[in-house]
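Here is a short round of questions and answers on how the labels used for a structure follow from their definitions. Have a look first, and then we can go through them together.

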Amino acid sequence: MKYAYFPGCKIAHHLPIHGRSVEAVCTRLGVELLRPEFNCCGYPVRHESRDASVYSALRNLALAENIGLDLMTPCKCCFGNLQQARHQAGQDEKLKQRMKDLLHEEGLEFPEKARVRHFLQILDDLPGGVVSAVSRPLKGLKIACHYGCHALRPENITHFDDPLAPTIFERLVAATGAAPLPWELRLECCGYPLRGRDENIADLLVAKKMAGASSSGADLLATACTYCQLQFGSENQKRPQTIPAVLFSTILGLALGLSPDEVGIKPGDVLTRFVV
Amino acid sequence: MDFFSIGLVLACASAGLGALWRMRGWFRRGAAMGRPEQGRPRPGILGFLGMLGGGLADLVLLRRTLRSPLRWTGHTLLILGFVPLIVLHAMDGVVTRPLFAGYEPTLDPWQFLRNLFGLFSVLGLPLLFLNRYMALKKFSRLQDWTLLAVVFGVLVSGFFLESFKIMSAGDFKRMTDDYFVDAEPEELISLKAYWARENGVRFREFLPTAPEMLELGAELHEDRCAGCHSPTSSAFVSRSMTALVPASLHIADQGRDLFWHVHVGLAFLGLALLPWGKFFHPVATGINLLSRGGSRATDTPKHTLARGLALDACTRCGQCSLHCSVAQAHRVLGNPDILPMDKLADLRRHLDDRLPPDRSAALVEGSHICTECLRCTQVCSAGIDLQDLWMASKKALTEAGRAGVDGEIRKRTAGEWARELASRDLGRVGGTGAGLADRAESFWGCVQCTTCTGVCPVVAVSEDPSRDLDLAPQQIMNLLRMGLKAQTLGARMVWSCTTCYKCQEHCPQGVPVADILYELRQLGAEILRKKEGRS
């Protein structure tokens, strides 16, 4: 299997271990990643301008279509916006024409075919499933899954999973040998979109979510989105830790037998005690 | 005081004072960026040597320009030739003569090397010109072209100067007057004949071609001249160029004087301009590359001076803007400060308090549209840690009350915005005609059931929604249904929506609540852009 890998903007500087663990897991599972020079998915600029956002997204899809591949991203906000852009251009003929013109100026065609896939969907689609590749089951590890809004909703545009009762994340966590726990706030927003805009509410949202995840009895909170992990990880380091947040790519990497270093875990990390 | 002395003094004064002024800027701007957060701890001895090696590899091998082979080749040729010319030729009195016993500019290898170095440089320039024209034309300003032109002028006039000197009978006479005072007329004629034939000097008079005369000339040359003068053919470019001047034209002396003034004058102009604008990049970029030690990340130890230096090291090569991950936003919105190269220039002016207010709004917008993807830092051929500059400047702008559209909206209450905006025609969103917020179909299903408000995570965490959010989602939908769009645009709810789409997903009537909130935000941003005269 081969995909055009779309890491999104935040990985390179703000969360390099996300990229590292995703790439290591894909290599181990035989998923080949190609790396065209993509641009921003258009999610961040959607607050300022619809055209700028849709055009940014469509250009990436056009680049993927150019090399005849579907696009894979480990970020749910990127995933959501790439899906949104295609939907919006499909709804509005004038917008679509403007986008076509902009793309033509760069020698690109309006993308019709290239699909957008999230990392979790790629794993879920693997022939034989992830479970057959797990060599070091994470027995005894209890995990609260965090879904991430922009992949989940609006479902009629993102086509990710059932927006009210999704199961894909829990299925994949179970495949690693760990136990996914039910958790009331798993479908709620992490609050990162308000960073730099309304810090107060962003802080309140993260505190509420961490407390909720903690009271579920889980050992850790699993994320599968760059922004969610930034919110629960880096941004959350300022306050007392209730429950550690870990990227699912890291958890899966360990279950696949990768070394802690390959999935970006430092010595002494909370996860290491489950994989000895 | 002659032309040379006056020129040298003026050029040195300009270069010296300007360089001091530039370095003062490194401290001032660096300090104005705010206190740097500590990056990686300072490296040990081995780490330092590694950094030095990385920096030298960037500086000497021009590793970072390899992305464009044309640029790398052009730059390498230019530097390979130009630097030795400055050190060994322009500064021969203070460098070459003391270092090499018996140095004479007319002796080989110097005479040969001068042509060779000049040839390298002059071959490199068209490549740089071509690269700028083909890849970077839209980023280029007058001073980018001027720099190329001045260097080209110095090099070409140097070749012509040497060429006319070779042909100059006046120079020949000056030399024989000085070093051959006891010359017999016949000796002088045979020496002239030899030099005309072997070294390309052009005399007006008829000169003998008899072998014995030439032989005498050759003997005299060996005896009196060769010790200080290599055959002019070793200046292979200049000597070949003598063929460009027809034999019937006796303009060698005038040409020599003309090109001497042009060559020396342009060299002084270059020296005088060195600290100003782009001309300074060989200095600032060189130091910056060394200080970055080969790093393409934002993890090196930072201090205010390093930031000030980084702000000065841009060569305006445009790589950052070509690879910027939000370049599409620039194409749609047209604000040049979205792209790193222009943003850097405006940030510098901002730190110097020289940025006009309309540009200042553009800088704020550009700063906030940047996604901090690190790519500009990774591709920067001058090794500038742009990522660090953007993160620091965004923070400083926010602290100064310039936090982008969100920040501007939050400076006033929803009521104040409503009063201001009510007078405007807000019926049209962008250039697309009626938006969701203008269409009755968007809302007619709304039964004010408050499900959207009930599921909203922002409403849920707010202790006092009417204080924190002004309006709840269903209230916004209701106002829009009544056509009161202006009343909603400044509401905190619009700007503190996390865009999680729960409201929309849960709405039993299919009202696109989140899409509408997005649209209101985009409209607010557009109105602010227009208000600041930027669209």
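Q: What makes Leu127(B), Leu130(B), Asn131(B) and Met134(B) contacts of Leu70(B)?
A: The rule for contact is heavy atoms within 4.5 Å. Leu70(B) touches these four residues, once residues up to four places away in sequence are set aside. This is a predicted model, in which local features need pLDDT of at least 70 and side-chain atom pairs count only at pLDDT 80 or more, while totals for chains, interfaces and linings use all residues. Residues are numbered from 1 along each chain as its sequence is written, chains are lettered from A and ligands numbered from 1 in the order in which they are written, and side-chain values use heavy atoms, with hydrogens and water left out.

Q: Why is Leu70(B) called partly exposed?
A: Buried means under 20% relative accessible area, exposed means over 50%, and partly exposed is in between (1.4 Å probe, protein chains only). Leu70(B) has 25% relative accessibility, so it counts as partly exposed. Its place is in helix H3 (residues 69–90) of chain B; helices here are DSSP runs (H or I, at least four residues), numbered from the N terminus.

Q: Why does Lys278(B) count as buried?
A: Lys278(B) counts as buried because its relative accessibility is 9%, and the limit is under 20%. Lys278(B) sits in the loop between helix H11 (252–273) and helix H12 (281–292) of chain B. Leaving aside neighbours within four places in sequence, its contacts include Arg132(B), Arg141(B) and Leu147(B).

Q: What makes the pair Lys278(B) and Asp144(B) a polar contact?
A: A polar contact is a pair of N or O atoms within 3.5 Å; within protein, one must be able to donate a hydrogen and the other to accept it, and residues adjacent in sequence count only if both atoms are side-chain atoms. The side chains of Lys278(B) and Asp144(B) meet at 3.1 Å, so the pair satisfies the distance limit of 3.5 Å.

Q: How do you know that Ser49(A) caps the N-terminal end of H3(A)?
A: A side-chain oxygen of Ser49(A) lies 3.4 Å from the backbone nitrogen of Asp51(A), against a limit of 3.5 Å for a polar contact. After H3(A) comes Gly68(A), with a positive phi near 70°.

Q: Why is H3(A) described as largely enclosed by the rest of the structure?
A: It is described that way because 14 of its 17 residues are buried.

Q: What makes the length of H3(A) close to the expected one?
A: The expected span of a helix is 1.5 Å times one less than its number of residues. Helix H3 (residues 50–66) of chain A has 17 residues and reaches 24 Å from its first C-alpha to its last, close to the 24 Å expected. H19(B), with 14 residues, reaches 20 Å, close to the 20 Å expected.

Q: Which elements do the buried residues of H19(B) pack against?
A: They pack against helix H1 (10–14) of chain A, and against helices of chain B, including helix H13 (304–312) and helix H16 (340–351). Among the buried residues of H19(B) are Leu386(B), Trp390(B) and Leu397(B). Just after H19(B), Gly401(B) takes a positive phi of about 85°.

Q: What makes Lys10(A) and Glu372(B) a salt bridge?
A: A salt bridge is a side-chain nitrogen of Lys or Arg within 4 Å of a carboxyl oxygen of Asp or Glu. In this pair the closest N and O atoms are 4.0 Å apart. The count between chain B and chain A is 8 salt bridges.

Q: How much area do chain B and chain A bury between them?
A: About 4000 Å², 57% of it on carbon and sulfur atoms. Buried area is the accessible area (1.4 Å probe) that two parts lose on being put together, summed over both. In contacts, 44 residues of chain B meet 46 residues of chain A.

Q: Why is Tyr501(B) called buried?
A: Its relative accessible area is 1%, so Tyr501(B) is buried. Tyr501(B) also has a positive phi of about 65°, although it is not a glycine. It is found in the loop between helix H28 (492–495) and H29 of chain B.

Key
Helices (H or I, at least four residues) and strands (E, at least two) are DSSP runs, numbered from the N terminus.
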